[in-house]
Amino acid sequence: MKLTTTTFVSVDGVMQGIGGPDEDRSGGFERGGWGVPHFDNETATFVNQVYLRADAFLFGRRTYEIFAGSWGAMADPGDNPIAVALNTLPKYVASTTLTDPRWANTTVLSSEVAAAVGELRAKPGGELQVHGSRTLIRWLLDNDLVDEITLLTFPVVVGQGTRLFPDTGPDKALELVESRATPSGVTVQVYRPTGRPQYGTATTDMKHVK
C-alpha cells in the first residue's frame, strides 16, 4: 500500500481545530473552526474521493480519539464515503498509551512502529492513509515512510495553534504532482518526497535589470 498523508492547514501552517471551537482546545487553543467557512462543495468532493482510495488508516492517538468520537459514534453512516470508510476499513494507531481501543477494526501499534508500518506498506492494495496526526506525520517523514503528501491550504492566517512542520527539522525536497484551487480559495497540492533538497546561491543577471 502507498502511505499517503492528507492534512488541512492554514496559510501559516496551523492544523489544529479545523472543524469546530471545541474540537481541540489543547495548549489553550481558542480559534477552532477556522476551516469550516471555506469548506465548499469542491473541497468536500475532493476529500470524499481521497477516502474512496483508502484500504486502511494510520492515526496518532489524539486524531484517532477525535475521529472515534465523531465518525465512530455515528449510528448510521449511510452512504457517506468518509463515514463508511472509517467505520469499515482497518485502523492502526501508533500509540504507547492506548490500551483499550473501542472503535471496531482497530489495531494498536505500540512497539516497533517503523517495522509495522513498513509491513503495511509492503502489502498489496491502494492507500494506507494518515489524516491529521501531526506528531505521527513528522515522525513518518523523519523516517522516510511517506510516499505522498496532500495539503489542503485554507485561505486564513490563524495566528496560533499547532503547526504541521516544526521550526527546525530535517529538510525534504518535494515533487509537485497535482495542484488545484476551489471556488472558496482552498488550494490543493499533492507532493511526493524526493530526498534532500539542493541548495544554491542566487545570482542577478544585470543585463535584464531595468
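What pattern does the protein chain follow when read along the sequence? In this predicted model, the order of elements is β-α-β-α-α-β-β-α-β-α-β-β-β, with five helices and eight strands in the protein chain. The radius of gyration of the protein chain is 18 Å, close to the 17 Å that the globule rule gives for 210 residues, so the chain is as compact as a globular protein of that length. Along the principal axes, the C-alpha atoms fill a box of roughly 65 × 40 × 35 Å. Of the 210 residues, 40% are buried. Contacts between residues at least 6 apart in sequence join residues at least 24 apart in 71% of cases. The exposed area of the protein chain is about 11400 Å², of which carbon and sulfur atoms supply 51%.

Strand 5 pairs in the parallel sense with strand 1 over five bridges and, also in the parallel sense, with strand 2 over three bridges. In the pairing with strand 1, K2 has E127 as its bridge partner in strand 5; in the pairing with strand 2, A56 has L128 as its partner. Five of the five residues of strand 5 are buried, so this strand is largely enclosed by the rest of the structure. The side of strand 5 to which E127, Q129 and H131 point is opposite to that of L128 and V130, and all of these residues are buried.

The largest nonpolar core comprises 25 residues, and those with the most contacts inside it are W34, Y51, F57, L86 and L152. At least two residues of this core are supplied by each of helix 1, strand 2, helix 2, helix 3 and strand 6, and the largest share, four residues, comes from helix 1. When residues up to four places away in sequence are not counted, Y51 touches F57, F67, P81, I82, A85, L86, Q129 and H131. Another core, of 24 residues, lies apart from the largest one and has M15, L136, L141 and L151 among its members.

In helix 2 (residues 61-70), the buried residues are T63, Y64 and F67. Seen down the helix axis, these residues fall within an arc of 100°, so they line one face of helix 2. The face turned away from this buried side carries the exposed residues R62 and G69. The packing partners of the buried residues of helix 2 are helix 1 (41-52), strand 2 (54-60), helix 3 (81-88), strand 3 (91-94), strand 4 (106-109) and strand 5 (127-131).

Helix 5 (residues 134-142) has L136, I137, L140 and L141 as buried residues. These residues cover an arc of only 135° around the axis, which puts them on the same side of helix 5. They pack against strand 1 (2-10), strand 2, strand 3, helix 4 (113-122), strand 5 and strand 6. Just after helix 5, D144 takes a positive phi of about 55°.

Strand 7 (residues 174-181) and strand 8 (residues 187-193) pair in the antiparallel sense, with seven bridges between them. Within this pairing, L176 stands opposite Y191 in strand 8. The hairpin formed by strand 7 and strand 8 has five residues between the strands, and G185 takes a positive phi near 100° in this hairpin.

Key:
Residues numbered from 1 in each chain as written. Predicted model: local features only at pLDDT ≥ 70, side-chain atom pairs only at ≥ 80, totals over all residues. Heavy atoms only, no water. Buried < 20%, exposed > 50% of the residue type's maximum accessible area, 1.4 Å probe, protein only. Arc of directions from axis to C-beta. Contact = heavy atoms within 4.5 Å. Pairing = 2+ DSSP bridges. Core = buried A, V, L, I, M, F, W, Y, C linked by side-chain atoms within 4.5 Å. Rg over C-alpha atoms; globule rule 2.2 N^0.38 Å. Areas by Shrake-Rupley, 256 points an atom, 1.4 Å probe, with all protein chains shown as cover.
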